[in-house]
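Me: I am new to this structure. Please explain the terms used for it and how each value fits its definition.

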Amino acid sequence: MSDLMRLSLSLESPLWEKLETLVRARGYGNRSEFVRDLIREQLTEEEWKSGAEVIGTITLIYNHHQHGVTEKLVEIQHDCSEHILAATHVHLSHEICAEMIMIRGRGEGIKRLADELRRQKGVLHAGFSAGTTGEKLA
Ligand code: NI
């Protein structure tokens, strides 16, 4: 077994309680396993920045009654059309829409696209889920 290093951290009580709830809800045996996975996620994110190919989805929830948001989201996607494989739109209610966008490309470009979509007024949620193939793009 590799050497184990110990880490001590301080959290305000409300954040500590939320951590405990998360650890239990996600079925981790202890806090250390949870924190290890958080660190691994961050390391994966760093790999993406190094130019590896990313494939995944951006899930948007937005209020299409917000003036101009639909046009803006379409415009942003057209500007990045080389990264977008497909998009599915679902009308959730009278005013709320969901859109699942399948993406492929260099990590940093994909992240920029997700961040830009998230920043638009009227966007209530923008989730970004992706994995890396580990292959560097030329
Ligand atoms: Ni809709």
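Me: What makes up the secondary structure of the protein?
Reply: Helices (H or I, at least four residues) and strands (E, at least two) are DSSP runs, numbered from the N terminus. On that basis the protein has four helices and four strands, in the sequence pattern α-α-β-α-β-β-α-β.
The model is predicted: local features need pLDDT of at least 70, side-chain atom pairs count only at pLDDT 80 or more, and totals for chains, interfaces and linings use all residues. Residues are numbered from 1 along each chain as its sequence is written, and side-chain values use heavy atoms, with hydrogens and water left out.

Me: Why is the protein called more spread out than a compact globule?
Reply: The radius of gyration is taken over C-alpha atoms, and the globule rule is 2.2 Å times the number of residues to the power 0.38. For 138 residues the rule gives 14 Å, while the protein has 19 Å, well over that value, so the protein counts as more spread out.

Me: How many of the residues count as buried?
Reply: Buried means under 20% relative accessible area, exposed over 50% and partly exposed in between, with a 1.4 Å probe and protein chains only. Of the 138 residues, 28% meet the buried cut-off.

Me: What divides the protein into domains, and how far apart do their centres lie?
Reply: The bounds come from an automatic or database domain assignment. They give domain 1 (13–49) and domain 2 (52–131), with C-alpha centres 26 Å apart. Contact (heavy atoms within 4.5 Å) between them takes four residues from domain 1 and eight residues from domain 2.
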